[in-house]
Amino acid sequence: MVAVWAVSTLTMLVLAGILPDFKLQSDGNDSATRIGITAALGAGAFGLLSALVWPLLVRALLLVPALVLGLLVFFLNGSLLLLALRLNPSGRGEVAPETAVVVAAVMSAVASATGGALAVRDDEAYRRRLYRRAVRRRRRAVPGACPPTPGTVHIQLDGVGHEVLRGAVGKGLMPTVAAWLGAPSADGAPGGEPSHRLTEWRTDWSSQTGASQLGILHGSNHDVPAFRWYEKDTREVMVCNRPSSAIELQRRAVARTGRDGLLSEDGASRGNLFGGGAQQLALVLSMAARRGRGERSRAGYFVYFSDPANAVRTAMSFVAEVGRELGQSARARLGGRRPRVSRGGLYPLVRAFATVVERDVVVAAVIGDMLAGRRAVYADLVAYDEVAHHSGPASGDAGKVLQRLDRSLALLAKVAEHAPREYRIVLLSDHGQSPGETFQARYGLTLGQLVRAGCGLPVPRRAGRTHSGAEARAAVRAALHRPVEEGAEEHRPARRSGPVVLASGNLGLVSFPDVPHRMTREEIDRRHPALLSTLANHPGVGFVLVACEGEPGPDGTPPGVLLGARGAEVPLAELDSAPGPLADFGPGAADAVRRTHGFPHTADIMVNSWYDPADGEVLAFEEQIGSHGGLGGAQTRPFLLSPRTLSDPLTDGKPLVGAEQVHGVLRRWLAESDAARTPAAEPSTGQVADTS
């Protein structure tokens with residue numbers, strides 16, 4: 001603290017000599033000693049006001065959008081500096097209001113950097129600081145308030161596939177994960193005894209966060225055919241990252257399972273699309289649709305931004321990340337890298353939000369949960385997914401993001417050493433990503449244009465932009481209190497409009513809003529004779545699913561048929577013996593297609609892109625060179641990294657298939673933790689012990 005105060009005093013003296021509107025002396029030209037005392041008193045008063053007043057200001061401004069609050073940091077700090085100079089006993093300091101903002105920003109930045117250099121960047125010093133904080137919490141805690149059973153922290157690395165994680169460990173990008181797996185270090189040193197086991201699991205056909213996270217947290221992702229789809233009964237487009245859609249999907253899952261969710265008992269949900277039944281919520285998208293005073297998911301912002309050093313440090317990192325993205329994008333463009341998508345507009349800001357703001361706030365919230373001794377925590381870090389969409393899942397840009405995420409995991413592991421209860425850290429992903437250029441880049445037209453051509457409708461020369469659907473973009477809009485909508489026409493298409501064509505990665509959905517029921521192949525052929533053959537025979541399409549006439553199944557689902565190139569037709573009931581167009585898509589593809597076919601809101605036509613099993617490439621119907629949402633490649637193979645103290649997730653020897661099965665495994669592990677008593681923590685003697 002003394003070092004930070006001294007540096008702040010020196011910074012104030014330097015700024016007073018540089019800025020004409022900032023003075024630390026009277027008109028009589030005080031001595032250097034008097035000026036130094038004035039600077040020291042001013043810096044001390046500014047630091048004291050920041051520590052005392054700042055948390056109250058942040059709490060009063062919780063209704064302000066999070067990103068706007070980040071910008072207000074500088075103006076609020078300027079106001080505190082003005083107040084500090086007025087309270088200065090020497091009465092000699094004065095500063096213009098606009099200059100106060102600059103002075104306060106520079107002082108906070110220097111103080112933050114100094115504090116970080118002296119403590120945060122010193123792992124051992126930071127570890128001791130966490131230990132002291134935990135000791136203070138235990139002293140204030142009611143005896144016996146924290147159960148003597150292990151808690152569980154689930155960290156979701158959004159979009160990180162099983163192969164990507166193994167590759168990152170092998171390249172030395174993730175030393176924390178490597179240590180958990182007992183893998184050799186980057187310098188070739190042999191690994192130790194593994195503490196965790198790595199398991200691959202398979203997603204449903206809809207390999208995206210909305211379907212996977214809903215199944216993982218609530219135990220059901222029934223009737224979630226894609227990231228976005230049209231529902232004929234409500235005449236609305238559902239979008240998983242739209243708050244109103246997310247809360248409805250959560251309601252349906254609870255109604256179907258009859259349970260609140262994985263986190264309903266002393267749980268916390270951080271940075272997720274859904275709440276999981278938790279009472280402690282921060283940055284949960286489904287809560288953004290609620291407007292009640294007690295229902296807003298904003299606690300994480302207060303906890304994090306109540307520390308002005310955090311606010312300034314995150315703001316500086318945000319600016320640095322924007323510069324990093326601009327540089328990487330320019331190098332990719334000048335180097336002629338292919339495939340490549342546009343990374344202009346607001347994307348650098350969206351990326352910086354995902355890789356800096358969202359990460360910092362979520363990790364800080366999880367740290368608070370661990371030190372509070374919560375039973376179960378589930379947090380989603382979307383940084384890799386956002387960068388991989390635009391840079392590629394195996395790119396150097398994405399690899400650097402994995403390095404920074406590994407440092408966050410190392411920090412959480414250190415916090416676990418000082419928590420009031422033992423914590424088991426479970427690392428998992430919701431899906432992977434498959435590389436490949438976009439459908440439009442390869443063939444010069446979008447899926448929507450191809451559908452209109454097959455229907456004999458006019459094709460616009462200029463295609464409308466397809467939104468990427470990345471979770472970070474929705475989180476930014478929610479943080480700004482802006483609705484996450486796709487436009488009024490797309491949200492509620494008119495009955496007499498043309499076909500509604502929606503994209504979810506390399507999965508396309510075609511619906512006809514003027515027909516109230518799901519159309520069959522025969523009905524589509526009568527209306528648009530060339531449409532299905534146009535889609536099935538296109539080289540960028542892997543297969544097409546459509547219902548057909550015939551005796552419905554016990555649940556009322558009509559028969560279905562899979563269409564492929566060169567007139568291939570395979571009834572769904574025969575896919576196991578004759579996979580046809582599904583042959584290249586790997587094991588489990590037939591079951592995934594049949595399950596989706598039985599959903600009430602499956603589109604009239606489901607289109608999965610071409611897939612090359614040799615290099616794992618797909619063709620995204622969105623502007624992404626790393627995509628997920630359909631079948632084909634690494635996107636359907638996420639991972640589950642679990643402590644060996646927990647039972648093997650593959651107890652019956654069968655593969656782990658679908659997010660609902662992952663939910664069952666996580667529930668089993670929570671029950672095992674509840675039944676496992678751990679030795680009570682030794683009471684502290686007041687000295688900071690060696691915890692290494």
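## Helix 16 and what it packs against

Start with helix 16, which covers residues 447-454; Leu447, Gln449, Leu450, Val451 and Gly454 are buried there. Keep in mind that you're looking at a predicted model. As a bit of background, an α-helix has 3.6 residues a turn, so residues three or four places apart point the same way.

What do the buried residues of helix 16 pack against? They meet helix 15 (439-443), helix 20 (531-536) and three strands: strand 12 (500-504), strand 13 (507-511) and strand 17 (605-609). Just past the end of helix 16 comes Gly456, with a positive phi of about 75 degrees.

## Stepping back to the whole chain

The chain holds 22 helices and 22 strands. It runs to 692 residues, and 53% of them are buried. Take the contacts between residues at least 6 apart in sequence: 73% of these join residues at least 24 apart.

## Two nonpolar cores

In soluble globular proteins, nonpolar side chains tend to be buried together. Here the largest nonpolar core has 61 residues, and Trp205, Leu582 and Val593 have the most contacts inside it. Helix 22 (residues 659-675) gives the largest share of this core, with six residues. A second core, separate from that one, has 50 residues, including Val363, Leu405, Leu409 and Phe639.

Val593 is a good place to look at the packing. Setting aside neighbours within four places in sequence, Val593 is in contact with Trp205, Phe543, Leu545, Leu562, Leu572, Leu582 and Leu631. Two of those partners, Trp205 and Leu582, are also among the residues with the most contacts inside the core.

## A cavity and Thr596

Rolling a probe the size of a water molecule over the atoms shows where empty space is left. A search of the whole structure turns up two cavities of 30 Å³ or more, and the second largest has a volume of about 40 Å³. Which residues line the second largest cavity? They are Asp204, Trp205, Ser206, Ala211, Asn221, Val224, Arg595, Thr596 and Phe599. That lining divides into four nonpolar, three polar and two charged residues.

Thr596, one of the lining residues, sits in helix 21 (residues 589-597). Thr596 counts as buried because its relative accessible area is 4%, under the 20% cut-off. Leaving out residues up to four places away in sequence, Thr596 touches Trp205, Pro225, Thr602 and Met606. Trp205 also lines the cavity.

## Ser195, Ala268 and Asp360

Ser195 is in the loop between helix 7 (175-181) and strand 4 (196-202). Buried or partly exposed? Ser195 counts as partly exposed because its relative accessibility is 33%. Its side chain makes a polar contact of 2.8 Å with the side chain of His196. Beyond neighbours within four places in sequence, Ser195 is in contact with Trp180, Ser642, Pro643 and Arg644. Val177 is 18 residues away along the chain, with 10.0 Å between its C-alpha atom and that of Ser195.

Ala268 belongs to strand 7 (residues 267-270) and is buried, with a relative accessible area of 0%. Outside the residues up to four places away in sequence, Ala268 touches Leu263, Ala278, Gln280, Asp369, Arg374, Ala376, Val377 and Tyr378. Ala379 is 111 residues from Ala268 in sequence, yet their C-alpha atoms are 8.3 Å apart. Asp360, in helix 12 (residues 347-372), is buried too, at 16% relative accessible area. Apart from residues up to four places away in sequence, Asp360 touches Tyr304 and Thr314, and its side chain has a polar contact of 3.2 Å with that of Thr314.

## Some backbone oddities

Most residues other than glycine have a negative phi, and most peptide bonds are trans. Where does a cis peptide bond turn up? The bond from Arg338 to Pro339 is cis, with omega near -5 degrees, and Pro339 is in the loop between helix 11 (308-334) and helix 12.

Asp223 is not a glycine, but has a positive phi of about 65 degrees. You'll find Asp223 in the loop between helix 8 (209-218) and strand 5 (228-231), where it is buried at 7% relative accessible area. Arg235, also not a glycine, has a positive phi of about 60 degrees. Arg235 is in the loop between strand 5 and strand 6 (236-239) and is partly exposed, with a relative accessible area of 29%.

Technical notes. Residues numbered from 1 in each chain as written. Predicted model: local features only at pLDDT ≥ 70, side-chain atom pairs only at ≥ 80, totals over all residues. Heavy atoms only, no water. Core = buried A, V, L, I, M, F, W, Y, C linked by side-chain atoms within 4.5 Å. Buried < 20%, exposed > 50% of the residue type's maximum accessible area, 1.4 Å probe, protein only. Helix = DSSP H or I, 4+ residues; strand = E, 2+ residues; numbered from the N terminus. Contact = heavy atoms within 4.5 Å. 1 Å grid on protein atoms, 1.4 Å probe; cavity = no way out; pocket = protein on both sides within 12 Å on 5 of 7 lines; lining within 4 Å. Points joined across faces, edges and corners; volume = space filled by probe spheres on them. Nonpolar A, V, L, I, M, F, W, Y, C, P; charged D, E, K, R; others polar. Polar contact = N/O pair within 3.5 Å; in protein donor to acceptor, adjacent residues only side chain to side chain.
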